[in-house]
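Here is a walk through one protein chain, residue by residue where that helps. Keep the 3D view open while reading.

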Amino acid sequence: MSTGRQRMMASIRSVPSPIAVASALTDPARTDRIQDPVVTRLQSARTALGLMATVGLLMVYPLKKGREQFVFGKLEDLALGCAILLVAVAVGVTVFILTARPPLGRVYASRLGGPLRALGAIPLGAGVCWLMSAALSGDIISTADIGSHDFLFGFLGETLGRLVTGLLIALLFIAAGIACAIVLLLGVCFTLVAAIKALNSCFRTGDVHELLPALLSPLLVWSLFVLGLLDDPDVAAPPAVLYSFLLGGPLSVTAMSVWEIRRLRVRHGVTMRSALGRGR
């Protein structure tokens, strides 16, 4: 008995967590990629500081709208920002590949698997969350859709058969609801981690070439800055605080990108000309 239980626990532990799956899909993984630990630490610190600043702003100042409206508004902004970055990544990577001299263009094209997986991770997680939410709200199927039936075919009599069948259906719906809630929680964790890591790595474009994340990431943050200016403020904070908060992200990301490009050139000899095969 203990052996069977140990095997079952080992099987459960072997199932990857949503965070591990999200990281595997969105973290750069090309083995010969130039990895600068200083750049990696600063990128992680920038993301952590941005999250802490957002949480701090929400804790200090009251929301102007309901929590549900705020969450959905931020999700819409994130989805729109991802869509903007998706277009930018598609155009930027395509131009980068087409302008590279042979055989570099074919080499870069062969590395598109990582960015494509990162791009698909967020809609995958969002789709699972939507499906589970629809199931929990009864939009897919509910007890009213099934109606009253006797699945025992009159074995216990019509009245008792309907009662037993109704009880079994209710238990089945309760079990399915618990399962959907668990999957929804895992889906939310997966989507949040995938979104943060994908945006931090600029959808794994570093797997194509090390320069691409630094070139493309400022576009996303400035796009989100414009969206923030067009939208009504989420919190009742003074204008100076709001504009400082909105400008902090784009300015820090842009400065980080400029520094990263310079560091790649000085420390590793990577330039745009060498990346395109046109000399150093």
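Start with Arg30. Its relative accessibility is 11%, so this residue counts as buried, the cut-off being under 20%. The model is a predicted one. Where does the side chain of Arg30 find a partner? Arg30 forms a salt bridge with Glu210, and the closest N and O atoms are 2.8 Å apart. Glu210 is buried as well, with a relative accessible area of 10%. The Arg30–Glu210 pair links distant parts of the chain. Arg30 sits in the loop between α2 (18-26) and α3 (37-60). Glu210 sits in the loop between α8 and α9, 180 residues apart from Arg30.

This pair belongs to a wider arrangement. Arg30, Asp32, Arg111 and Glu210 are linked in a network of salt bridges. How many salt bridges does a search of the whole structure find? The count is 6.

One of these joins the side chains of Asp36 and Arg263, at 2.5 Å from N to O. Asp36 lies in the loop between α2 and α3, and Arg263 in helix α10 (residues 239-268), so this salt bridge ties together parts that are 227 residues apart in sequence. Buried or exposed? Both Asp36 and Arg263 are buried.

Another salt bridge brings us back to the loop between α8 and α9 (211-230), where Arg204 is found. Arg204 pairs with Asp207, and their closest N and O atoms are 2.9 Å apart. Arg204 has 3% relative accessibility and therefore counts as buried, since the limit is under 20%. Asp207 is buried too, at a relative accessible area of 4%. What surrounds Arg204 beyond its neighbours within four places in sequence? One group of contacts is Ala24, Leu25, Thr26, Asp27, Pro28 and Ala29. The list also includes Gly114, Pro115, Arg117 and Ala118.

Now step back to the whole fold. The secondary structure comes to 11 helices and 0 strands. From the N terminus on, the elements read α-α-α-α-α-α-α-α-α-α-α. Of the 280 residues in the protein, 31% are buried. Take the contacts between residues at least 6 apart in sequence: 80% of them join residues at least 24 apart. The protein exposes about 16900 Å², and carbon and sulfur atoms supply 70% of that area.

Next, the aromatic rings. A search of the whole structure finds 1 aromatic pair. The rings of Phe96 and Tyr108 have centres 5.1 Å apart and planes at 40°, so the pair is tilted. The label follows because planes under 30 degrees apart count as stacked and those over 60 as edge-to-face, with the rest tilted. Phe96 lies in helix α4 (residues 67-99) and Tyr108 in helix α5 (residues 104-109), so this pair ties together parts that are 12 residues apart in sequence. Both Phe96 and Tyr108 are buried.

Turn to helix α8, which spans residues 158-200 and holds Thr191. Thr191 is buried, with a relative accessible area of 15%. Which residues touch Thr191, once its neighbours within four places in sequence are left aside? They are Ile122, Gly125, Ala126 and Cys129.

The surface has a nonpolar patch to look at. Leu167, Leu168, Leu171, Ile174, Ile178, Ile182 and Leu186 form this patch. Together they have about 680 Å² of accessible area. Leu168, one of the patch residues, has its place in helix α8.

Last come the cysteines. A disulfide is a covalent bond between the sulfur atoms of two cysteines. How many does the structure hold? It holds 0 disulfides. Cys189 is in no disulfide, and the nearest cysteine sulfur, that of Cys129, is 9.0 Å away. Why does that distance rule out a bond here? A disulfide needs sulfur atoms within 2.5 Å, so 9.0 Å is outside the cut-off. Cys189 is partly exposed, with a relative accessible area of 30%. Cys202, by contrast, is buried, at a relative accessible area of 1%.

Key. Residues are numbered from 1 along each chain as its sequence is written. Side-chain values use heavy atoms; hydrogens and water are left out. Helices (H or I, at least four residues) and strands (E, at least two) are DSSP runs, numbered from the N terminus. Buried means under 20% relative accessible area, exposed over 50%, partly exposed in between (1.4 Å probe, protein chains only). Contact means heavy atoms within 4.5 Å. Rings of Phe, Tyr and Trp (its six-membered ring) pair if their centres lie within 6.5 Å; planes under 30 degrees apart count as stacked, over 60 as edge-to-face and the rest as tilted. Patches are made of residues with over 30% relative accessible area and no salt bridge: like charges are joined within 9 Å, nonpolar side chains (Val, Leu, Ile, Met, Phe, Trp, Tyr) within 5 Å. Accessible areas come from the Shrake-Rupley method with a 1.4 Å probe; for residues, only the protein chains shown count as cover. A salt bridge is a side-chain nitrogen of Lys or Arg within 4 Å of a carboxyl oxygen of Asp or Glu.
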